[in-house]
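Trainee: I am new to this structure and would like a close look at a single part of it. Could you take me slowly through the places where the parts meet?

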2 protein chains.
Amino acid sequence: MVTITEIAQALGITPSTVSRALSGSPRVKASTKEAVLRKAAELGYERNVMASNLRKGRSDIVGIVVPRINREFFSSVISGAESVLNEAGLSVLICQTHERYEDEVRALRTLKNNRVSGVIMSHSIGSKDGTHILEILGDEMPLVQFDRVFSYLRGAKIVNDNFEGAYKATCHLVEEGYRHIGTLAGYLNSAAYALRLKGFRRALADAGLEPAAEYMDSIVPETGRAAALDALRSGCDALYSAGDFSALGAIRALQEAGSRIPEDFGIVGTANESFTALMSPSLSSLALNPRELGRQSAQAFLDGAADGEIIVPMELVIRQSSNHKQAICQK
Amino acid sequence: MVTITEIAQALGITPSTVSRALSGSPRVKASTKEAVLRKAAELGYERNVMASNLRKGRSDIVGIVVPRINREFFSSVISGAESVLNEAGLSVLICQTHERYEDEVRALRTLKNNRVSGVIMSHSIGSKDGTHILEILGDEMPLVQFDRVFSYLRGAKIVNDNFEGAYKATCHLVEEGYRHIGTLAGYLNSAAYALRLKGFRRALADAGLEPAAEYMDSIVPETGRAAALDALRSGCDALYSAGDFSALGAIRALQEAGSRIPEDFGIVGTANESFTALMSPSLSSLALNPRELGRQSAQAFLDGAADGEIIVPMELVIRQSSNHKQAICQK
DNA sequence: GACAAAGATACAAACGTTTGCACAAATTTC
DNA sequence: GAAATTTGTGCAAACGTTTGTATCTTTGTC
């Protein structure tokens, strides 16, 4: 492995100058800089990152901590963050917590030990509060939280605009002509779901309507089925679901009950999971935009991870399951 | 940040002994070792990984290079590998190539510069051959390839048993009573798809049957639709698809053409994408087992990444789309 | 009790880079 | 034209760990 010392010897100058030349310091003459660059290329020099890190006291690595990487949402966030960070010459060290507090602690310690230049994370379900995070990271390490955030911690927080998103989704159902609209609201102990419910209610209130039904169960297909059948009995003609999986269950149940979608019943889900486009009828969904969440998180880190919340808009993807007007017209 | 030197001073010994004590060298007395450990805990010492890496000439980081992280297959591989590597005290540095040759080169350089202790990768579509990989990594760096492998490179290769898997899937269709079986074979310039076609043919040959049709298009829903309609016209009653998306398209087309699945027509896909379980009818699929691929890749690295191929079995997940016998019986 | 062998620790030199400070040369200022 | 400023480079000390070799201490052996 060729070092800056060898380059220096080859050119009859000192390692310091070579170092400065390579890092583009204004303190070295243009001609020397050029000579160094040429020599470096000639010898196939590559900076020893470990030595550099040691001297500088930090690495060019950003740690990302997520519950699981093999979830489309998280992997897309990572993908987005990685793109931005790579562009800035930084690499990404990934840790999974498997939703466990212990693994989260271990991951943060690993990152701290590797002297990463910052941490971007979404905490695990197992972490009931966030005190351990600052305990491990200390006061210096830049911290960016996304999606699942402890709002009382220092640093930047990047979240979807769940209120506005749910508001838009619900308005869409109203505009399509549905009038008895209910919701599958999901776990209300999560801030995201609570905001979606608020957005739903506000949209109806602004339209002069009452919520036709509110189901606070978890958002899996089974609860979707049960809620949809109940909603049908109580005269609902549309549902906004805070998750796609519960919306899927709802559609199946409604179809089996002989209800036509979107003619008789409209549904909008949330998350824009890949299967939503593949179903029949395809499912309208409020997209979470995870890549953008990742990009913004990375950018927030690059900008210094200052305290504050950045809100990323959600996009409503309209598909067959809520396309009431057009379905009616075609008949 | 507390260093081994401070621990040494506090105990009146030298940094060397502290270092050895912390790394569990047999050359230090049990009592000293214990004293060091206690003092280290007391002062909250944490090893400076960068200094350690510099001295040792390598890091405790393994690089993983994949085309895209936000694909279920790759993220699951990473997840599996990460689990095993973490267990062994190693961290994971992730790079995406976005299927581009240039990004792959850049990623490998980054890893090389970070002096990772090994590379686990699946090459991008843009890499027509693998010479650049060894050019960058040199002769020393342990290399493990998975799924998309250049077989002529040194190091370990972990691949699915595509032949055996397709064989099993096709046999399953035969056992269910279908007799005019075709295939959506996919891109044959990829080794995986070529092997699946071979497995398909062998299974039919062993059952004394002829392939009823073979479609060599890419495996997207659209080609699946077209192929399925053609297959129906030419008297097929089943298809093995080398991808789930083409199988999805096929099912939709067949349903629209009035064919009942699985009563009139059976289908098995490949990859076990998450949507396969959510469809109606649900799609039988040959699972790729990416987590296991990841685990095996990590293990192969830990074992020294010796030359050779490790073949991971695929699992056939039987769902409604091929459940001919039971569907018939129920009537 | 002397001497060898082993056991435990100390010494010191790396690893390759960065960076504050010093210094020399070139340029500007009055 | 001397002093002041700028510009470019060299010197040397870090950064904190690891590890080969040397040294000291203990134990064992005859």
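Mentor: What follows goes through the surface near each DNA strand and then turns to the contact between the protein chains. Please keep in mind from the start that this is a predicted model.

Let us begin with DNA strand D, which is surrounded by 26 residues, the closest being Arg20(A), Arg27(A), Ser19(B), Tyr45(B) and Arg55(B). Two of these residues reach the bases with their side chains: a polar side-chain atom of Arg20(A) lies 2.5 Å from a base oxygen of DNA strand D, and a polar side-chain atom of Arg27(A) likewise lies 2.5 Å from a base oxygen of that strand. The backbone of the DNA is approached as well, for a polar side-chain atom of Arg47(B) is placed 2.9 Å from a phosphate oxygen of DNA strand D. Taking the atoms of DNA strand D that are within 4 Å of the protein, 56% are part of sugar or phosphate, while the rest are part of bases.

Which elements supply this surface? At least two residues each come from helix H2 (15–22) and helix H4 (49–56) of chain A, and from helix H2 (15–22) and H4 of chain B. The largest share, four residues, is that of H4(B). Sorted by class, the surface near DNA strand D holds seven nonpolar, ten polar and nine charged residues.

Turning to DNA strand C, we find 25 residues around it, and the closest are Arg27(A), Tyr45(A), Arg55(A), Arg20(B) and Arg27(B). Of the atoms of DNA strand C that come within 4 Å of the protein, 59% are accounted for by sugar and phosphate. Arg27(A), already met beside DNA strand D, also has a side-chain N or O atom 2.6 Å from a base nitrogen of DNA strand C. In chain B, Arg20(B) places a polar side-chain atom 2.6 Å from a base nitrogen of DNA strand C, whereas for Arg20(A) a polar side-chain atom lies 3.3 Å from a base oxygen of this strand. H2 and H4 of chain A, together with H2 and H4 of chain B, each give at least two residues to the surface near DNA strand C, and H4(A) gives the most, with four residues. The classes here are six nonpolar, ten polar and nine charged residues.

The protein chains also meet each other, in a contact that takes 44 residues from chain B and 44 residues from chain A. Between them, chain B and chain A bury about 3,900 Å², with 56% of it on carbon and sulfur atoms. On the side of chain B, Met50(B), Arg115(B) and Leu278(B) lose the most area to chain A, together 18% of what that side buries.

The count between the two chains is one salt bridge, formed by Arg109(B) with Glu46(A), whose closest N and O atoms are 3.9 Å apart. There are also eight residue pairs in polar contact between chain B and chain A. On the side of chain B that touches chain A, H5(B) provides the largest share, seven residues, and the residues of that side divide into 17 nonpolar, 17 polar and ten charged.

Finally, a pair of strands joins the chains: strand S2 (residues 91–96) of chain A and S2(B) pair in the antiparallel sense over three bridges. Within this pairing, Leu93(A) has Leu93(B) as its bridge partner.

Key. Residues are numbered from 1 along each chain as its sequence is written. Chains are lettered from A and ligands numbered from 1 in the order in which they are written. This is a predicted model: local features need pLDDT of at least 70, side-chain atom pairs count only at pLDDT 80 or more; totals for chains, interfaces and linings use all residues. Side-chain values use heavy atoms; hydrogens and water are left out. Contact means heavy atoms within 4.5 Å. Buried area is the accessible area (1.4 Å probe) that two parts lose on being put together, summed over both. A salt bridge is a side-chain nitrogen of Lys or Arg within 4 Å of a carboxyl oxygen of Asp or Glu. A polar contact is a pair of N or O atoms within 3.5 Å; within protein, one must be able to donate a hydrogen and the other to accept it, and residues adjacent in sequence count only if both atoms are side-chain atoms. Ala, Val, Leu, Ile, Met, Phe, Trp, Tyr, Cys and Pro count as nonpolar, Asp, Glu, Lys and Arg as charged, and the others, Gly among them, as polar. Two strands pair if DSSP finds at least two bridges between them. A residue is near a molecule or strand if one of its heavy atoms lies within 4 Å of it.
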